[in-house]
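Reader: I would like to learn how to read a model like this one, feature by feature. Could you walk me through it?

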Amino acid sequence: MRKFDGGWQVGLKTYRNPQTGGLTRLLAWHQDQVLSAPDDALLLATAPECRFAALQWGDTLRTYQAHPEFTPDYLMGLFEVRGAALDPEVVRAGRESLTEAVPDDISGEIAEFLVAAATQRDARA
């Protein structure tokens, strides 16, 4: 992980699942990115500006570059509090992205994954 040469990724971003081709919109606020994935990691989401947007190892570990826990209001607050540290065009584009669509709610998917992981852990104990 290191700072992405393409700069900050902020706002509503669209990611593609390479297995299904399905698209997911999530809120992003990051400059650091995973630049190479371990061989045993499954790529769950990718985008041109974030190659390894979501990864999974086995049945117990997932990572997301974007922030599925963020709301649009929270992101607008980040623009207010931290936006001055970013390129004004990045801030403008990020704010504008919030008017174009809404982020997908993947909380159910994450909850199912965590319940399955806990169940497997308990079965091994």
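Author: Happily; we will go from the overall fold to hairpins, single residues and the largest pocket.

Author: Some ground rules come before that. This is a predicted model, in which local features need pLDDT of at least 70 and side-chain atom pairs count only at pLDDT 80 or more, while totals for chains, interfaces and linings use all residues. Residues are numbered from 1 along each chain as its sequence is written, and side-chain values use heavy atoms, with hydrogens and water left out.

Reader: How many helices and strands does the protein chain have, and what pattern do they follow along the sequence?

Author: Helices (H or I, at least four residues) and strands (E, at least two) are taken as DSSP runs and numbered from the N terminus. Here the protein chain has three helices and seven strands, and its pattern along the sequence is β-β-β-β-β-β-β-α-α-α. The C-alpha trace spans about 50 × 30 × 25 Å along its principal axes.

Reader: What share of the residues of the protein chain is buried, and what share of its contacts joins residues at least 24 apart?

Author: Buried means under 20% relative accessible area, exposed over 50%, and partly exposed in between, with a 1.4 Å probe and protein chains only. By that rule, 34% of the 125 residues are buried. A contact means heavy atoms within 4.5 Å. Among contacts between residues at least 6 apart in sequence, 53% join residues at least 24 apart.

Reader: Now the hairpins. How many bridges join β2 to β3?

Author: Two strands pair if DSSP finds at least two bridges between them. β2 and β3 run antiparallel and are joined by eight bridges, one of which has Leu-12 with Leu-27 in β3 as its partner. Six residues lie between the two strands of this hairpin, and Gly-21 in the turn has a positive phi of about 80°.

Reader: Is Gly-21 buried or exposed, or partly exposed?

Author: Gly-21 has a relative accessible area of 41%, so it counts as partly exposed. Its C-alpha is 32 Å in space from that of Asp-87, and the two are 66 residues apart in sequence.

Reader: And in what sense do β5 and β6 pair?

Author: Strand β5 (residues 41-47) and strand β6 (residues 50-57) pair in the antiparallel sense over five bridges. Ala-47 has Cys-50 in β6 as its bridge partner, and the hairpin joins the strands through two residues. As for burial, five of the seven residues of β5 are buried.

Reader: Where is Gln-31, and why does it count as buried?

Author: Gln-31 sits in the loop between β3 (23-30) and β4 (32-33). It counts as buried because its relative accessible area is 17%. Beyond residues up to four places away in sequence, Gln-31 touches Arg-2, Lys-3, Phe-4, Gly-7 and Trp-8. A polar contact is a pair of N or O atoms within 3.5 Å; within protein, one must be able to donate a hydrogen and the other to accept it, and residues adjacent in sequence count only if both atoms are side-chain atoms. The side chains of Gln-31 and Trp-8 make one of 3.3 Å.

Reader: Last, the pocket. How much space lies in the largest pocket, and which residues are closest to its centre?

Author: Rolling a probe the size of a water molecule over the atoms shows where empty space is left. On a 1 Å grid over the protein atoms alone, a pocket is an open set of points where a 1.4 Å probe fits, with protein on both sides within 12 Å along at least five of seven lines; lining residues have an atom within 4 Å of a point. Points are joined across faces, edges and corners, and the volume is the space filled by probe spheres set on them. The largest pocket holds about 250 Å³. Of its 18 lining residues, the closest to the centre are Asn-17, Thr-24, Leu-44, Ala-45 and Glu-109. Two or more lining residues come from each of β2 (9-16), β3, β5, β6 and β7 (61-64), and the largest share, three residues, is from β3.

Reader: What do Asn-17 and Thr-24 touch?

Author: Leaving aside neighbours within four places in sequence, Asn-17 is in contact with Gly-22 and Leu-44. Asn-17 lies in the loop between β2 and β3, and a polar atom of its side chain is 3.2 Å from the backbone nitrogen of Thr-20. Thr-24, in strand β3, touches Lys-13, Thr-14, Tyr-15, Asp-104 and Ile-106, again not counting residues up to four places away.
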